[in-house]
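Hello,

Here is the structure I promised to pass on to you. My notes on what turned up in it follow below.

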Amino acid sequence: MLRAGSVVTCIACKNLLPSRMGVKFRVPLQKLHPFSRAIHHRFSANNNPQRPPHCSAARHYTSLSRLPMRPPKSRSGGHGYQQHRTFWVARLAARLLKLRYIVLGSAVGGGYTAKKTYDEWKDMLPDMSQYTWIVPDFIWELSENIDLDKLARALPELEEIAKLLPDMEKIGENFTFLKSLLSSGLGSEVNGSSGLRLLLETTGDSSLRAPDIPPTSASMSDSSDKQFKKSSDKERIDQLQDELLRTQMKYQRMLERLEKENKELRKVVLQKDDKGIHQRKVKKSLIDMYSEVLDILSDYDSNYNTQDHLPRVVVVGDQSSGKTSVLEMIAQARIFPRGSGEMMTRSPVKVTLSEGPHHVAMFKDSTREFDLGKEEDLAALRHEIELRMRKSVKEGQTVSPETISLSVKGPGIQRMVLVDLPGVISTVTTGMAADTKETIFSMSKAYMQNPNAIILCIQDGSVDAERSIVTDLVSQMDPQGKRTIFVLTKVDLAEKNLASPNRIQQIVEGKLFPMKALGYFAVVTGKGSTNESIDSIKDYEEDFFQNSRLLRDGMLKAHQVTTKNLSLAVSDCFWKMVRESVEQQADAFKASRFNLETEWKNNYPRLRELDRNELYEKAKNEILDEVISLSQVTPKHWESILQKKLWERVSTHVIENIYLPAAQTMNSGTFNTTVDIKLKQWTDKQLPHKALEVAWETLQEEFARFMAEYKGKDQDDIFDKLKEAVKDESIKRHKWNERAMDSLRVIQHNALEDRSITDKPQWDAAIQFMEETLQSRLKDTESVIADMVGPDWKQRWLSWKNRSPEQHIRNETKNELERLLKLHEDHTAYLANDEVTTVRKNLEGRGVEVDPVLIKDTWHQLYRRHFLQKALSHCNLCRRGFYYYQRHFVDSELECNDVVLFWRIQRMLAITGNTLRQQLTNTEVRRLEKNVKEVLEDFGEDNEKKVQLITGRRVQLAEDLKKVREIQEKLEAFIEALHKEK
């Protein structure tokens, strides 16, 4: 039997197929299904005898497979046709006639054998009806929710399959044609043999070719007849090619319908699973697990040289080259903000693509889902991405290295992780930071230097290739092109603008640029309008390539065009790179974990491995315990502190502005009137404010004191900065209740109006308070005078100190003024002008030049000392004056109104301290505790704040150890799931 091979059978079948097998309309080659391409390759010409034929049923299709459609090349007979004997043709015809019997016999015998084998196996199978309980319930529920009849109807009918088989009637007609050759004589025999030789030569197998037949004298003489036969053979070849293309298109339509039905059924299953037909926890997909690892690694900064070498697809290109548009076509949604010539991508955007029942998008740090089928959600998503980009850019910068993580799910989306980088620029324009160009270059290099990163190099086809910047950058990072995929965008504009379309062919063949790549693709991403939808862009792309002469003339191959083929190719490369490198990366992190654990054991053997968040929670509890301790302060302690601090704050005002002016009066009535007026003014304006300031400062000091005392109890000093910051921020936020000021003013006014001292102990307490205050002021005044006049004779002799010229002048002035006070002990608080002149002349007479201002300043301190000394002596006399006070000093030369004043001040301090203590314990301590909690909550949500306040090698080591463990665990889980999927 003649071994004609698959190609002869294919061409014979093409010749015999009836015209009804296909509809005459054009289908773009890029839309051919992979199965159809496999069929075409199986039955196309093959000039390599060693290469085995393709098996479409077992061959795994990838978009990188090159499946160009090439017409079979007819081989010219260089030596002419040789004469053959008639019995050779007869033997060949006889073998061809046996072919139908073999086909029919094989079909009948094979069917019978298959039926017999099926019956035997069916009898051997046990009855499984008793074991239906083993099958989970959700399997039966799935069968109820999936329309199996609809799926069966989607399968091709037997009649349609039968139409694809060879037409036996047509084969019979061809056999009749061969029989006629045997009866047509030698000349017709030679012509028939030449036609058969044309069929055999297309196989590419030398063993199956007909022997060369030398031309007869009749054929050599009749050149016109030979030319006619050649033209008829060429027409026949064209006809066979058209028949084959129509058959492929029919396959394509059937497979597209099945693929659509499969996609709908898969979507229904995913929706049912999403709603929870069976109450099982849905596991994360592979791509989601991988994306989580990349998110953790984006925040990981190791000191152990464990770099992030996990694969991801890095999208790089010149500014406005169409990077974002290509990414949107792969994601099947217009998700990125768009601009006209300006920089829109200001920070890296990591997009995790995965398959799902609904077309949605979600940020890593948000729970909101954006429905990509709704224009409102699309606009909101673009706006949110733009806001996040601008927020990540620091002041004075144009781009940011901070990564925005986004996940997109939808039916039919290829699984992969892409990172869209800011476009490479050649010039820094107005409004950009001066280092923008260098920042983008360094950022792009940082992503591309990952040896496992897939570089998706985007080149604008509408501009001159010589203006490209990114190609040089990519060739530096990947000189061998082992992980680079080149994409030429805006091919429609390139074909329209370029005078020589061969230039596009040179680009996609890798002959124009110095860079190398795994594959080259040409895509069209729309007409440039921001309002175009993804579907309209796809239709425009398909229409363009269907009508483009680039594909028609063979400058581009079918597998090199459309973003669909691009996404398939990128996804295949991505997962291939993941499978090859992920285990190596897991081993690297395992070694890094061992190094970190060893360092911790050697440096902190008795401490737990608490990371920054855990340390913050521990510090938070300690601070709250310290705030609660404020409620345990006794009332007596609060009042004593408040009284002491309030008197220190107001004592100067009381002595200088109230007591001393009133004491200069001549009688008790004037003294009491002056005191009442000044006390009323003081209470209305200053005293309540001073009291509240003192209370707030006291609360702060007590809070700080408790924190300091708690620190001594084995507290970790790593919390010092945090506690100080919490204290300062809480105090800053705390505001005293303003309504308390009005009530406090009324209480203080009533306390100062009371003059009735009820018993002797109160009188003695007032005298003691007055005496202590005056002695303190006298001591301060004497210290001031000593500083003015310098060391006395004892200090000069014993300590070898000398007076300065100014101190000498002041000392002489002091001596002169003291003589004046001895002469006039009841002198007023101020010197008259003539007295100042007298003192100055007396000093000039002793050779001391003095300024009148200096005389008055010295007099003020001397008189103050003189007055306080007299007040102290008067205070001693009033110790026994309580009896006269009860009689209102009638028939008595002793007047102790100053004692009554100090008693009023002392009582006001006690009442104010009690009032402030009640307000502190009942209101302000609780409000401070609330403020502290709010500050701690705010700090807990601010990671940058925690990094600033909780620092040190111990913290960083615990952080690294936690992240390395988490990365290793997630990588191991991902690798296990990856092996299961294989």
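**Salt bridges and other findings**

D764 counts as partly exposed because its relative accessibility is 32%; the classes here are buried for under 20% relative accessible area, exposed for over 50%, and partly exposed in between, with a 1.4 Å probe and protein chains only. Before going on, please note that this is a predicted model, in which local features need pLDDT of at least 70 and side-chain atom pairs count only at pLDDT 80 or more, while totals for chains, interfaces and linings use all residues. Residues are numbered from 1 along each chain as its sequence is written, and side-chain values use heavy atoms, with hydrogens and water left out.

The side chain of D764 meets that of K760 in a salt bridge, at 2.6 Å from N to O. The term stands for a side-chain nitrogen of Lys or Arg within 4 Å of a carboxyl oxygen of Asp or Glu. K760 is also partly exposed, at 33% relative accessibility. Both residues belong to helix α27 (residues 760–789), where they sit 4 residues apart, about one turn of the helix. Helices (H or I, at least four residues) and strands (E, at least two) are DSSP runs, numbered from the N terminus.

A second pair within one helix is R819 and E816, whose side chains form a salt bridge of 2.4 Å, N to O. About one helical turn separates R819 and E816, because they are 3 residues apart in helix α29 (residues 805–823). R819 is partly exposed, with a relative accessible area of 41%, whereas E816 is buried at 9%. Elsewhere, salt bridges with shared partners tie R593, E597, E609 and R965 into one network.

How many salt bridges does a search of the whole structure find? The total is 45. One of them joins E609 to R965, with the closest N and O atoms 2.8 Å apart. This pair connects distant parts of the chain: E609 is in the loop between α20 and α21 (612–628), R965 is in helix α35 (residues 953–981), and the two positions lie 356 residues apart in numbering. Both ends count as partly exposed, E609 at 34% relative accessibility and R965 at 24%.

Now to the interior. The largest nonpolar core has 99 residues, and Y659, W682, W763, I905 and V932 touch the most other members. Helix α33 (residues 897–941) gives the most to this core, with 16 residues. Apart from it lies another core of 59 residues, including L381, I485, F574 and W575. A nonpolar core here means a set of buried Ala, Val, Leu, Ile, Met, Phe, Trp, Tyr and Cys residues joined through side-chain atoms within 4.5 Å.

Helix α33 also holds E941, which is exposed at 66% relative accessibility. E941 helps form a negative surface patch together with E402, D942 and E944. Patch residues have over 30% relative accessible area and no salt bridge, with like charges joined within 9 Å.

Two backbone details may interest you as well. S320, in the loop between β1 (313–317) and α12 (323–331), has a phi near 65 degrees, a positive value in a residue other than glycine. T562 likewise has a positive phi, near 75 degrees, and is found in the loop between α19 (549–552) and α20 (563–603). Is each of these residues buried or exposed to some degree? S320 is partly exposed at 42% relative accessibility, while T562 is buried at 5%.

Best wishes

Note on methods. Patches are made of residues with over 30% relative accessible area and no salt bridge: like charges are joined within 9 Å, nonpolar side chains (Val, Leu, Ile, Met, Phe, Trp, Tyr) within 5 Å. Accessible areas come from the Shrake-Rupley method with a 1.4 Å probe; for residues, only the protein chains shown count as cover. Lys and Arg count as positive and Asp and Glu as negative; His and the chain ends are not counted. The place of a charge is taken as NZ of Lys, CZ of Arg, CG of Asp or CD of Glu.
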